[in-house]
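Trainee: I am new to this structure and would like a close look at one part of it. Could you pick up the place where two chains meet and walk me through it slowly?

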Number of protein chains: 4
Amino acid sequence: MTTQRLLDVTALEAALQRFADARDWNGFHTPRNLVLALTGEVGELAELFQWLTDEQAARLAQDPATARAVRDELADVLMYLVRLSSVLGVDLDAAVREKLVANGVRYPAP
Amino acid sequence: MTTQRLLDVTALEAALQRFADARDWNGFHTPRNLVLALTGEVGELAELFQWLTDEQAARLAQDPATARAVRDELADVLMYLVRLSSVLGVDLDAAVREKLVANGVRYPAP
Amino acid sequence: MTTQRLLDVTALEAALQRFADARDWNGFHTPRNLVLALTGEVGELAELFQWLTDEQAARLAQDPATARAVRDELADVLMYLVRLSSVLGVDLDAAVREKLVANGVRYPAP
Amino acid sequence: MTTQRLLDVTALEAALQRFADARDWNGFHTPRNLVLALTGEVGELAELFQWLTDEQAARLAQDPATARAVRDELADVLMYLVRLSSVLGVDLDAAVREKLVANGVRYPAP
């Protein structure tokens with residue numbers, strides 16, 4: 001396993017916890033609820049790409065309205081993913097580092 | 001918008017780029033392919049929770065095999081999300097900060 | 001394989017084909033586009049269940065507005081699934097009969 | 001609303017009910033569990049298409065192994081969808097007919 005940190009989501013985890021605390025939402029943030037919410041956001045992201053050709057998808061950033069919508073959905077997916085990891089007590093940085101090592105073994109570079 | 005950085009995925013983005021470069025995978029990493037791959041990983045995550053009660057889901061970390069599987073799927077979802085954002089040129093930190101501000105307006109704390 | 005027909009989607013397939021023909025949508029109905037559209041609809045369905053307890057979900061039909069929304073999303077998922085199967089030339093009745101036999105072998109009844 | 005029946009899933013609903021009864025699975029088939037299971041199967045379907053070009057996806061039936069895998073996943077998605085509708089007491093035929101009428105209003109043919 002590499003020892004270099006690959007990501008830092010500490011401040012985001014804290015911000016999401018404060019957000020939930022302030023609205024009394026912790027009771028709603030069960031693992032299964034958050035998995036369903038994550039599914040919903042990935043669905044919204046898929047909808048933005050469903051009728052695009054690969055060429056249109058690659059040039060997405062040139063249309064400000066669509067680019068903004070995609071950006072918002074990527075943020076939503078990430079926030080539910082980080083919140084789910086927090087609630088489950090999973091260290092995403094360690095999880096990602098371990099998975100990258102495993103992927104390197106599974107798909108050796110030529 | 002808050003100016004404090006909420007997450008840092010720079011090193012992960014670079015690691016994923018190196019991984020794709022070394023395997024000549026960049027041609028596969030189109031936005032639509034990555035959205036489908038992200039969907040697949042969220043599906044695998046959902047499968048780990050589908051037959052659990054809320055109580056079992058909350059105690060997931062106590063079963064090492066399931067905890068490991070969940071950890072791996074969370075990592076997979078995150079890696080495809082970060083890769084997709086890279087390919088689209090989206091700054092996830094800025095996207096998340098803007099979305100948190102928008103959510104604060106939409107759901108004011110009591 | 002059982003020989004009894006388990007479902008008949010012939011009329012729905014024809015209705016969806018006429019709908020696409022009349023709007024010149026066949027070019028959009030590629031397999032990958034329809035998989036993304038299916039993902040989007042499953043996401044919308046998941047959103048309707050994300051904050052409900054199991055008890056609330058079981059009593060869903062008692063709230064007319066939510067029941068209507070769920071019914072609409074189930075229809076959307078089914079229509080994209082049937083359309084995708086049509087485009088791929090898959091006979092859903094045969095596919096389901098074969099899968100049920102396979103599941104019976106995999107999970108024998110006690 | 002059209003009065004012509006568009007689909008008949010009665011026999012499939014009965015077969016799935018018998019399957020669950022024989023294995024004492026009814027307790028697992030809550031709406032939320034089935035939504036998560038449906039998500040899982042759509043994810044598996046997406047994985048079969050994630051690295052294909054549109055051309056490869058259109059010619060999928062020519063590769064027997066992939067065609068078989070796609071057929072199985074389509075069956076899995078359909079079975080969970082029909083089971084979920086049963087458990088919720090939703091009449092899929094009526095739901096689809098109503099949605100088609102609504103779609104005709106929303107997207108008028110030219």
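Mentor: Happy to; what follows is a walk through the interface of chain C and chain D, with a look at chain B and chain A afterwards. Please keep in mind that this is a predicted model.

Let us begin with the extent of the meeting. On one side, 59 residues of chain C are in contact with 59 residues of chain D. Together the two chains bury about 4,900 Å² between them, and carbon and sulfur atoms give 72% of that area. Three residues are good ones to find on your screen: Arg32(C), Arg71(C) and Leu74(C) supply 13% of the area that chain C buries against chain D, more than any other three residues.

Now for the charged and polar pairs. Side chains of opposite charge can pair when their charged atoms come close. Between chain C and chain D the count is eight salt bridges. One of these joins Glu98(C) to Arg71(D), with N and O 2.7 Å apart. There are also 17 residue pairs in polar contact between chain C and chain D, counting pairs in which both residues have pLDDT 80 or more.

Which elements of chain C give two or more residues to the side that touches chain D? They are helix H1 (10-23), helix H2 (31-49), helix H3 (54-58), helix H4 (64-88) and helix H5 (92-106) of chain C. The largest share comes from H4(C), with 14 residues. Sorted by class, the residues on this side of chain C are 40 nonpolar, eight polar and 11 charged.

Since H4(C) gives the largest share, let us stay with this helix for a moment. H4(C) has 25 residues, and from its first C-alpha to its last it reaches 36 Å, close to the 36 Å expected at 1.5 Å a residue. Just after H4(C) you will find Gly89(C), which takes a positive phi of about 75°.

Next, how are the two chains placed with respect to each other? Two copies of a chain are related by a rotation about an axis and a shift along it. Here, chain C is superposed on chain D by a rotation of 180° with 0.0 Å of shift along the axis, and the RMSD is 0.0 Å. The two copies are therefore related as by a two-fold rotation axis. If you want to locate that axis from chain C, look for Asp8(C): its C-alpha is the nearest to the axis in that chain, 2.5 Å from it. It also helps to ask which surface each copy uses. 100% of the interface residues of chain C are also interface residues in chain D, so the copies meet through the same surface.

With that picture in mind, turn to chain B and chain A. A rotation of 180° with 0.0 Å of shift along its axis superposes chain B on chain A, with an RMSD of 0.0 Å. Of the residues of chain B, Asp8(B) comes closest to the rotation axis, its C-alpha lying at 2.5 Å. Because 100% of the interface residues of chain B are also interface residues in chain A, these copies meet through the same surface.

The contact involves 59 residues of chain B and 59 residues of chain A. About 4,900 Å² is buried between chain B and chain A, 72% of it on carbon and sulfur atoms. Arg32(B), Arg71(B) and Leu74(B) supply 13% of what chain B buries against chain A, more than any other three residues. Eight salt bridges are found across the interface of chain B and chain A. Among them is the one between Glu98(B) and Arg68(A), whose closest N and O atoms are 2.8 Å apart. Polar contacts link 17 residue pairs between chain B and chain A, both residues at pLDDT 80 or more.

To finish, step back to the salt bridges of the whole model: the count is 32 over all chains. One of them lies inside a single chain, where the side chains of Arg5(A) and Asp93(A) meet at 3.6 Å, N to O. Arg5(A) is in the segment before helix H1 (10-23) of chain A and Asp93(A) is in helix H5 (residues 92-106) of chain A, so this pair ties together parts that are 88 residues apart in sequence.

Notes:
Residues numbered from 1 in each chain as written. Chains lettered and ligands numbered in written order. Predicted model: local features only at pLDDT ≥ 70, side-chain atom pairs only at ≥ 80, totals over all residues. Heavy atoms only, no water. Contact = heavy atoms within 4.5 Å. Buried area = accessible area lost by both parts, 1.4 Å probe. Salt bridge = Lys/Arg side-chain N within 4 Å of Asp/Glu carboxyl O. Polar contact = N/O pair within 3.5 Å; in protein donor to acceptor, adjacent residues only side chain to side chain. Helix = DSSP H or I, 4+ residues; strand = E, 2+ residues; numbered from the N terminus. Nonpolar A, V, L, I, M, F, W, Y, C, P; charged D, E, K, R; others polar. Least-squares fit on C-alpha atoms with pLDDT ≥ 70 in both. Expected span 1.5 Å × (residues − 1).
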